[in-house]
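Me: I have a protein model open and want to learn how to read its features. Can we take them one by one?
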Amino acid sequence: MFTGIVEERGEVVDLVRLGDSARLTVRGPVVTSDARHGDSIAVDGCCLTVVEVEPGEGRFTADVMAESLSRTSLGALAPGHLVNLERSVPAGGRLGGHIVQGHVDGTGHILSRRPTPRWDLVEIALPPPLARYVAEKGSVAVDGVSLTVVEVRDLPEPAFTVALIPTTLDVTTLGGKQPGAAVNLEVDVIAKYVERLTVTSTAEPAAQPAERSHTQGAHA
């Protein structure tokens with residue numbers, strides 16, 4: 001699990017295509033300082049498993065499966081690209097952002113950004129199937145960054161607005177992304193579970209406990 005609080009901007013060293021998968025190498029001295037084989041690191045909001053660590057070089061390698069390549073922007077990465085990095089939160093650690101699984105639901109794109117004296121207002125288009133999970137003042141992860149939704153609109157296309165504070169502009173890749181740029185989106189997992197439970201409860205009758213046998217527990 002992650003919190004959406006980015007620890008550093010890493011740099012893509014290599015992306016090697018392996019049929020329907022890929023092997024990604026990223027330089028990130030902070031997240032590799034204690035990384036081991038099998039650890040989880042979120043790259044632009046996508047949870048990846050570390051398969052190799054080079055502590056001296058400050059970089060790690062992870063495999064990216066077909067599902068991740070199709071649902072996220074990772075497949076478009078190339079050497080030199082900057083990415084947001086976050087290690088999985090330890091048990092007992094602070095939940096500084098919100099519950100982020102690192103399971104990207106889809107990609108959106110930046111429609112506009114409007115700088116103000118203290119922050120930037122950024123409007124992001126999202127796929128229509130995800131629109132129902134995004135609510136005003138709710139939480140959303142954009143490229144792995146935990147953000148609060150300022151406004152939501154449905155027409156002419158589903159979109160939402162977020163405000164990027166100076167810290168977010170300085171330490172994440174969102175500070176440099178311009179209109180048209182693709183971003184990974186992860187909506188609130190609680191909203192998805194509530195919807196699933198609601199649909200299931202209305203579609204299927206509640207399970208009834210099995211009747212106890214009259215002889216259950218009787219002595220032979």
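Me: Let us begin with cavities. Which residues line the largest cavity?
Reply: Keep in mind that this is a predicted model. For a cavity, list the residues around it. Here the largest cavity is lined by Ile110, Arg113, Val122, Ile124, Val142, Val162, Leu164, Leu174, Lys177 and Val183. Strand S7 (106-115), strand S8 (120-125) and strand S11 (159-164) each give two or more residues to that lining.

Me: What is the volume of the largest cavity?
Reply: Its volume is about 40 Å³.

Me: How does the lining of the largest cavity divide by class?
Reply: Sort the residues into nonpolar, polar and charged. The lining of the largest cavity has eight nonpolar residues, no polar ones and two charged ones.

Me: How many cavities of 30 Å³ or more does a search of the whole structure find?
Reply: The search finds two. The second largest cavity holds about 30 Å³ of space.

Me: Which residues line the second largest cavity?
Reply: Val6, Ala42, Gly45, Asn84, Leu85, Glu86, Asp143 and Gly144 line it. Strand S6 (residues 82-87) gives the most to this lining, with three residues. By class, the lining of the second largest cavity has three nonpolar, three polar and two charged residues.

Me: Asp143 is in that list. Where is the place of Asp143 along the chain?
Reply: To place a residue, look for the elements on either side. Asp143 sits in the loop between strand S9 (139-142) and strand S10 (145-153).

Me: Is Asp143 buried or exposed?
Reply: Check the relative accessible area. For Asp143 the value is 0%, so Asp143 is buried.

Me: With which side chain does the side chain of Asp143 make a polar contact?
Reply: The partner is the side chain of Lys177, at 2.7 Å. Lys177 is also one of the residues that line the largest cavity.

Me: Which residues is Asp143 in contact with, leaving aside its neighbours within four places in sequence?
Reply: Skip the sequence neighbours and see what else touches the residue. Asp143 is in contact with Asp44, Gly45, Asn84, Thr173, Leu174, Lys177, Ala182, Val183 and Asn184.

Me: Let us follow Asn184. In which strand does Asn184 lie?
Reply: Asn184 lies in strand S12 (residues 182-186). With a relative accessible area of 1%, Asn184 is buried.

Me: What does the side chain of Asn184 reach at 2.8 Å?
Reply: Look at backbone atoms as well as side chains. The side chain of Asn184 reaches the backbone nitrogen of Ser73 at 2.8 Å. A polar atom of that side chain also lies 3.0 Å from the backbone oxygen of Asp44.

Me: Leaving aside neighbours within four places in sequence, which residues is Asn184 in contact with?
Reply: They are Asp44, Thr72, Ser73, Val104, Gly106, Thr107, Ala141, Val142 and Asp143.

Me: What separates the C-alpha atoms of Asn184 and Asp14?
Reply: Compare places along the chain with distance in space. Asn184 and Asp14 are 170 residues apart along the chain, and their C-alpha atoms are separated by 20 Å.

Me: Now try Thr161. Why does Thr161 count as buried?
Reply: The cut-off for buried is under 20% relative accessible area. Thr161 counts as buried because its relative accessibility is 13%. Thr161 lies in strand S11. Leaving aside neighbours within four places in sequence, Thr161 is in contact with Leu121, Val122, Glu123, Thr148, Val149, Val150 and Glu151.

Me: Where does UniProt place the feature "repeat: Lumazine-binding"?
Reply: A record can mark spans on the chain. The unreviewed UniProt entry places this repeat at residues 1-98 and 99-198. Residues 1-98 are 6% helix and 44% strand, with end C-alpha atoms 10 Å apart. Residues 99-198 are 16% helix and 40% strand, with end C-alpha atoms 21 Å apart.

Me: How many helices and strands does the chain have?
Reply: Step back for the whole view. The chain has three helices and twelve strands. Of its 220 residues, 40% are buried. Its C-alpha atoms fill a box of roughly 75 × 45 × 40 Å along the principal axes.

Terms used: Residues are numbered from 1 along each chain as its sequence is written. This is a predicted model: local features need pLDDT of at least 70, side-chain atom pairs count only at pLDDT 80 or more; totals for chains, interfaces and linings use all residues. Side-chain values use heavy atoms; hydrogens and water are left out. Helices (H or I, at least four residues) and strands (E, at least two) are DSSP runs, numbered from the N terminus. Buried means under 20% relative accessible area, exposed over 50%, partly exposed in between (1.4 Å probe, protein chains only). A polar contact is a pair of N or O atoms within 3.5 Å; within protein, one must be able to donate a hydrogen and the other to accept it, and residues adjacent in sequence count only if both atoms are side-chain atoms. Contact means heavy atoms within 4.5 Å. On a 1 Å grid over the protein atoms alone, a cavity is a set of points where a 1.4 Å probe fits but cannot get out, and a pocket is an open set with protein on both sides within 12 Å along at least five of seven lines; lining residues have an atom within 4 Å of a point. Grid points are joined across faces, edges and corners, and a volume is the space filled by probe spheres set on the points. Ala, Val, Leu, Ile, Met, Phe, Trp, Tyr, Cys and Pro count as nonpolar, Asp, Glu, Lys and Arg as charged, and the others, Gly among them, as polar. UniProt positions are given in the numbering used here, feature names are shortened, and annotations may be inferred rather than shown by experiment.
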